[in-house]
Amino acid sequence: MATTPTKVEFKIKDYKADIHNDWCPGCGDFGILTALQMALVKLQIPSHRVAVVSGIGCSGKTPHYMQTYAFHTLHGRVMPSVTGLKLANPSLTVIGVGGDGDAYGIGAGHFVNGGRRNLDITYIVFNNDVYALTKGQGSPTIAQGTKTKSMAEESIMQALNPVALALVCGYTFVARGYALDVKTLTDLIAQGIRHRGSTLIDVLQTCPTYNDLHTKPWYEGKKPGQNGISPLYRLDQTDYDPRVQDPANRREVSQKKTQAILKSEEDERLPLGIFYQCEIPTYEDYLERKGHIDRAHPLAEREDIFHRDVTPLLDALT
Ligand SMILES: Cc1ncc(C[n+]2csc(CCOP(=O)(O)OP(=O)(O)O)c2C)c(N)n1
Ligand code: SF4
Ligand SMILES: [Mg+2]
């Protein structure tokens, strides 16, 4: 008698690696890790169809804690690795993760050109204003005139605005999340993964060890002078509309980018959610049209890649 196959349902445990986590207690990274795993549950993507790539930093340890394909690359090199992976196997869900220093400091050039390509990837940046792994020096996102307990002096440089940077680079889904609101962040990451094109989600992340300015009580509005009012609010609870209806309409695209930049410049209160979204062809689409990639026979599955004799190439180098 034929039996009806039972539907496989992926649970959060299917995305969790059985490995000791050495982030500090209370670190916001835990919230982002859980939200990423929950987003994969929400989308029901099998773990063997996901690859997570990180740079160097506390945030760089994220792929170790994921039960997916994973690659811990060099400092600032998330984008080149993500690009190679996606082009070798376009049907994989490819997710880049890393710190604000990694993405907007040492990796800034790659971040810029990653946006220009509009690969169908998701990049989640753990933004804690500091180079946490190397003991808390100010990162490119630390506000001018501010100083955390780990910095010797106030920063005299202007802070970089990740949302504005991503917009001018060409990312087609640009959002900001908050690490300690796991439910909302889960939804945001799921929407980012679903988006067909390059997604940047800059996540405000608490680092209780080195950043005593942007703490959990500060984000909750519980510090003296905040009168219990959180600086955070959600764009999807306002009449803000981030979506471009007609990508061919340059005027609409400019108008939507301009409103997103203006929103991202608000500093009295911090908007969370999607700032900008536009569906246009991806880098893979263009390469496919040119015949350079074949989604049905991706490079990663070609037999000759695994059984290629590279001896002549090595001999040529000696
Ligand atoms: C080429 C290179 N330069 C410098 C370092 C030292 N280094 C390791 S992590 C790091 C900064 C990490 O900060 P961030 O990217 O914000 O990640 P976080 O630790 O805050 O998560 C630096 C400068 C390195 N590993 N490689
Ligand atoms: S140093 Fe900061 S970012 Fe790193 S694990 Fe500890 S709390 Fe998290
Ligand atoms: Mg950092």
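**Exercise 1. Find out how far strand β4 is enclosed, and which way its side chains point.**

Solution. Start with burial: six of the six residues of β4 are buried, so this strand is largely enclosed by the rest of the structure. A residue is buried if 20 or more other C-beta atoms lie within 10 Å of its own, exposed if 12 or fewer, and partly exposed in between, with C-beta atoms placed from the backbone. Strands (E, at least two residues) and helices (H or I, at least four) are DSSP runs numbered from the N terminus. Next, split the strand by direction: Thr122, Ile124 and Phe126 point one way, Tyr123, Val125 and Asn127 point the other way, and all are buried.

The model is predicted: local features need pLDDT of at least 70, side-chain atom pairs count only at pLDDT 80 or more, and totals for chains, interfaces and linings use all residues. Residues are numbered from 1 along each chain as its sequence is written, and chains are lettered from A and ligands numbered from 1 in the order in which they are written.

**Exercise 2. Identify the pairing partners of β4.**

Solution. Two strands pair if DSSP finds at least two bridges between them. On one side, β3 and β4 pair in the parallel sense over five bridges; here Gly99 has Phe126 in β4 as its bridge partner. Then take β8: β4 and β8 are parallel, with six bridges, and Val125 has Asp202 in β8 as its bridge partner.

**Exercise 3. Place these strands in the whole sheet.**

Solution. First write down the order, β2-β1-β3-β4-β8-β7-β10-β9, an open sheet of eight strands with mixed pairing. Its edge strands are β2 (69-72) and β9 (232-234), each pairing on one side only. The twist averages 20 degrees from one strand to the next; axes are lines fitted to C-alpha atoms, for helices over the stretch in contact, and angles run from 0 to 180 degrees between N-to-C directions.

Now add a helix. Helix α6 (residues 182-194) packs on the sheet and touches β3, β4, β7, β8 and β10, its direction making about 160 degrees with that of β7. Contact means that the C-beta atoms of two residues, placed from the backbone, lie within 7 Å. Helix α8 (residues 250-264) also packs on the sheet, touching β7 and β10, at about 165 degrees to the direction of β10.

**Exercise 4. Describe the surroundings of β10.**

Solution. Begin with burial: seven of the eight residues of β10 are buried. β7 and β10 pair in the antiparallel sense over four bridges, and Arg176 stands opposite Gly273 in β10. β9 and β10, by contrast, are parallel over three bridges, with Arg234 opposite Leu272 in β10.

**Exercise 5. Analyse the shells of the two ligands.**

Solution. A residue is near a molecule if its C-beta atom, placed from the backbone, lies within 6 Å of it. For ligand 1, 18 residues qualify, the closest being Gly57, Gly99, Gly101, Asp102 and Ala132. Elements that give two or more residues are β3, α3 (100-106) and β5 (130-131), and the largest share, three residues, comes from α3. By class the shell of ligand 1 has seven nonpolar, nine polar and two charged residues. Ala, Val, Leu, Ile, Met, Phe, Trp, Tyr, Cys and Pro count as nonpolar, Asp, Glu, Lys and Arg as charged, and the others, Gly among them, as polar.

For ligand 2, the surrounding residues include Cys24, Cys27, Cys58, Cys207 and Ala132. This shell divides into eight nonpolar, two polar and one charged.
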